[in-house]
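Work through these exercises with the model open beside you. Try each task before you read its solution.

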Amino acid sequence: IFPGVASTQGQHMRILGRCIPIALCFAVALYTSNQAYMYCSVAFLQFMKEGNVIIVFFLSVAAGLQVLTRLRVALIFWIITSSSMAVSGDLHFMWIGFGLQLLSQLAECTRNV
């Protein structure tokens, strides 16, 4: 049924070694994201998830997949500053929820890069 499986014969540990970090990042992202919902509002957490684009960009720069320029840094700073001003009025803000969601985003973005 799957002819590509035959080419992996004898390489199970190598394949498993590549899959475990991805699975671990997924498990951390799923657990911490669900825990964050106990502390912060859904709207705030969804707004935080928009920061994944910036996190993926910085991880891509760290991995050498993207180039960091002054213009890109200025644009990212502008986006973060504007977003921070828009979210400053959350009535049910808790640092623990913020931290859990940030950890979830880091794990998710690491899995994607």
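**Exercise 1. Salt bridges**

Task: Find how many salt bridges this predicted model has, and which residues form the pairing.

Solution:
- Step 1. Pair the nitrogens of Lys or Arg with carboxyl oxygens of Asp or Glu, using a cut-off of within 4 Å. The count comes to one salt bridge.
- Step 2. Name the partners. The side chains of E108 and R111 meet, with 2.4 Å from N to O.
- Step 3. Place them. Both E108 and R111 sit in helix α5, residues 95–112. They are three residues apart, about one turn of the helix.
- Step 4. Recall the geometry. An α-helix has 3.6 residues a turn, so residues three or four places apart point the same way.
- Step 5. Check exposure. R111 has a relative accessible area of 27%, so it is partly exposed.

**Exercise 2. Fold and overall shape**

Task: State how many helices and strands the protein chain has, then compare its radius of gyration with that of a compact globule.

Solution:
- Step 1. Count the elements. There are five helices and zero strands in the protein chain. From the N terminus on, the order is α-α-α-α-α.
- Step 2. Take the globule value. For 113 residues, a compact globule would have a radius of gyration near 13 Å. The protein chain has 18 Å.
- Step 3. Look at the extents. Along its principal axes, the C-alpha trace spans about 55 × 40 × 25 Å.
- Step 4. Add burial. Of the 113 residues in the protein chain, 19% are buried.
- Step 5. Add contacts. Take those with a separation of 6 or more: 77% of them join residues 24 or more positions apart.

**Exercise 3. Helix α1**

Task: Test whether the span of helix α1 agrees or disagrees with its number of residues, then list its buried residues.

Solution:
- Step 1. Work out the expected span. Helix α1 covers residues 12–36, which is 25 residues, and at 1.5 Å a residue it should span 36 Å.
- Step 2. Compare. The end C-alpha atoms of α1 are 36 Å apart, so the two values agree.
- Step 3. Look for a bend. α1 has a kink of about 25° at C19, shortly before the proline P21.
- Step 4. List the buried residues of α1: C25, A29, T32, S33 and A36.
- Step 5. Ask what covers them. The cover includes α2 and α5.

**Exercise 4. S33 and S104**

Task: Decide whether S33 and S104 are buried or exposed, and find what each touches.

Solution:
- Step 1. Locate them. S33 lies in helix α1, and S104 in helix α5.
- Step 2. Apply the cut-off of under 20% for buried. S33 has 9% relative accessibility, so it counts as buried. S104 has 6%, so it is buried too.
- Step 3. Read the contacts, leaving out residues up to four places away in sequence. S33 touches K49, Q101 and S104. S104 touches A29, T32 and S33.
- Step 4. Try another residue of α5. L102 is found in that helix. Its relative accessible area is 34%, so L102 is partly exposed.
- Step 5. Set L102 against N34. They are 68 residues apart along the chain, and their C-alpha atoms are separated by 12 Å.

**Exercise 5. The nonpolar core**

Task: Name the residues of the largest nonpolar core and the helix that gives the largest share.

Solution:
- Step 1. List the six members: A36, C40, F44, L45, M48 and L100.
- Step 2. Find the main contributor. Helix α2, residues 42–49, supplies the largest share, three residues.
- Step 3. Follow one member outward. Beyond four places in sequence, C40 touches L45, H92, M94, G97 and F98.
- Step 4. Set this in context. In soluble globular proteins, nonpolar side chains tend to be buried together.

**Exercise 6. Helix α3 and the loop after it**

Task: Check the span of α3, then find where L65 lies and what it contacts.

Solution:
- Step 1. Take the twelve residues of α3. At 1.5 Å a residue they should span 16 Å, and the end C-alpha atoms are 16 Å apart, so the values agree.
- Step 2. List the buried residues in α3: N52, I54, I55, F57 and S60.
- Step 3. Move past the helix. G64 follows α3 and has a positive phi, near 85°.
- Step 4. Place L65. This residue is in the loop between α3 (52–63) and α4 (70–87). At 58% relative accessibility, L65 counts as exposed.
- Step 5. Find its contacts. Neighbours within four places aside, L65 is in contact with S60 and V113. L65 and V113 are 48 residues apart in sequence, and 9.2 Å apart in space, C-alpha to C-alpha.

Note on methods
Residues numbered from 1 in each chain as written. Predicted model: local features only at pLDDT ≥ 70, side-chain atom pairs only at ≥ 80, totals over all residues. Heavy atoms only, no water. Helix = DSSP H or I, 4+ residues; strand = E, 2+ residues; numbered from the N terminus. Buried < 20%, exposed > 50% of the residue type's maximum accessible area, 1.4 Å probe, protein only. Core = buried A, V, L, I, M, F, W, Y, C linked by side-chain atoms within 4.5 Å. Contact = heavy atoms within 4.5 Å. Expected span 1.5 Å × (residues − 1). Bend = angle between axes of the 7 residues up to and from the residue. Rg over C-alpha atoms; globule rule 2.2 N^0.38 Å.
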